[in-house]
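Biologist: Thanks for sitting down with me over this one. Could you take me through the reasoning behind the descriptions?

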There are 2 protein chains.
Amino acid sequence: MTILTQAFAALSDETRFAVVERLMSEGELPAGALLDPSRMSAPAMSRHLKVLRKAGLIKQRIDGTKRLYSVRPEAMQSIADWTMDHRSFWEASLDRLDAHLASDEETKT
Amino acid sequence: MTILTQAFAALSDETRFAVVERLMSEGELPAGALLDPSRMSAPAMSRHLKVLRKAGLIKQRIDGTKRLYSVRPEAMQSIADWTMDHRSFWEASLDRLDAHLASDEETKT
DNA sequence: TATTTAATTAACAAACATGTTAATTAAATT
DNA sequence: AATTTAATTAACATGTTTGTTAATTAAATA
């Protein structure tokens, strides 16, 4: 598995995707704060965090009994870079679509 | 599963990721052209294509006995949009890293 | 130092993913 | 009309993922 496919695998789970989004908007948080015990057990969340960590998406910092997690910006950027590497493809294709829709509008007029 | 997590799930497999990359660079291709029989059977590839299709990443066009596949630019753009939505996060974080590295350089000088 | 707090690893069950070969579908060719 | 080509769906085995509860680890507090 490459860096990218592993990052995608990590983000393919709703729980993990939500964790990454939350850490990006709220910044560093302890494992406990990421857990809603009515939805999932602590061990289950702990393993999700491990998957995210192994994929390089988040990092862990220890503070006493707490494990503080945060998103690694490099990981997010490598995904952004990939989409940008192919930007000419989807941009050009969407331009053609825009042009097509515009010509439909013209036909209506 | 949301649109995005499903797209990530589809791209988390090496074979499917390679298919998407190939379709983006070479354009529309029949299922047969995407298959290397020394690596995988036709039914296996057929199912990978189905996963990509259900995730909205590719579309199928029928021409006689052939099934022609191509990437849906909207799907690629929705991933790009997500990374851009969080751009301020990873950009700012990386700027701080850049600043840190720059100050290290200064120390050396 | 005993207890509480925070989070992990271990063991296990259920569900899902992914490969195979065999069977099926449907259009094109002979 | 029979055969070939292109690709799919079906059936099944195996490995991985993801949840649970129980047990463990380790730091902080009483």
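Biologist: Why are helix 1 of chain B and helix 5 of chain B called roughly perpendicular to each other?

Modeller: Happy to explain, and please keep in mind that this is a predicted model. The axes of helix 1 and helix 5 of chain B cross at roughly 110°. Angles from 65 to 115 degrees count as roughly perpendicular, and therefore these two helices of chain B get that description.

Biologist: Which residues of helix 1 of chain B meet helix 5 of chain B?

Modeller: From helix 1 of chain B come Ile3(B), Leu4(B) and Ala7(B), and they meet Ala75(B), Ser78(B), Ile79(B) and Trp82(B) of helix 5. By class, that contact has six nonpolar residues, one polar residue and no charged ones. The two axes come within 10 Å.

Biologist: What makes strand 1 and strand 3 of chain B a pair?

Modeller: At least two bridges are needed for a pair. Strand 1 (residues 29–30) and strand 3 (residues 66–71) of chain B have two bridges, in the antiparallel sense, so they meet that requirement. Pro30(B) stands opposite Leu68(B) of strand 3.

Biologist: And how many bridges join strand 2 of chain B to strand 3 of chain B?

Modeller: Six bridges join them, and strand 2 (residues 58–63) and strand 3 of chain B run antiparallel. Here Ile62(B) stands opposite Arg67(B) in strand 3. These two strands of chain B form a hairpin with two residues between them. In the turn, Gly64(B) has a positive phi of about 65°.

Biologist: Let's turn to the two protein copies. How do you know that they are related as by a two-fold rotation axis?

Modeller: A turn of 180° and a shift of 0.0 Å along the axis lay chain B on chain A with an RMSD of 0.1 Å. The two copies are thus related as by a two-fold rotation axis. In chain B, the C-alpha of Phe8(B) is nearest that axis, 2.4 Å from it. The same surface serves both copies, as 100% of the contact residues of chain B recur in chain A.

Biologist: How many residues of chain B are in contact with chain A, and which elements supply them?

Modeller: There are 21 residues of chain B in contact with 21 residues of chain A. The elements giving two or more residues to that side of chain B are helix 1, helix 2 (14–26), helix 5 and helix 6 (87–108). Helix 5 of chain B provides the largest share, six residues. By class, this side of chain B has 13 nonpolar, six polar and two charged residues.

Biologist: Now the DNA. What makes a residue count as near DNA strand C, and which residues come nearest?

Modeller: The C-beta atom, placed from the backbone, has to lie within 6 Å of the strand. Of the 21 residues around DNA strand C, Pro30(A), Gly32(A), Pro43(A), Ser46(A) and Gly64(B) come nearest. Helix 4 of chain A gives the largest share of this surface, five residues. The surface near DNA strand C divides into nine nonpolar, eight polar and four charged residues.

Biologist: Which residues come nearest to DNA strand D?

Modeller: Gly64(A), Pro30(B), Gly32(B), Pro43(B) and Ser46(B) come nearest, out of 22 residues around DNA strand D. The largest share of that surface, six residues, comes from helix 4 of chain B. By class, the surface near DNA strand D has nine nonpolar, eight polar and five charged residues.

Methods: Residues are numbered from 1 along each chain as its sequence is written. Chains are lettered from A and ligands numbered from 1 in the order in which they are written. This is a predicted model: local features need pLDDT of at least 70, side-chain atom pairs count only at pLDDT 80 or more; totals for chains, interfaces and linings use all residues. Helices (H or I, at least four residues) and strands (E, at least two) are DSSP runs, numbered from the N terminus. Ala, Val, Leu, Ile, Met, Phe, Trp, Tyr, Cys and Pro count as nonpolar, Asp, Glu, Lys and Arg as charged, and the others, Gly among them, as polar. Two residues are in contact if their C-beta atoms, placed from the backbone, lie within 7 Å. Copies are superposed by least squares on the C-alpha atoms of residues with pLDDT of at least 70 in both. Axes are lines fitted to C-alpha atoms, for helices over the stretch in contact, and angles run from 0 to 180 degrees between N-to-C directions. Angles under 35 degrees count as roughly parallel, over 145 as roughly antiparallel, 65 to 115 as roughly perpendicular and the rest as oblique.
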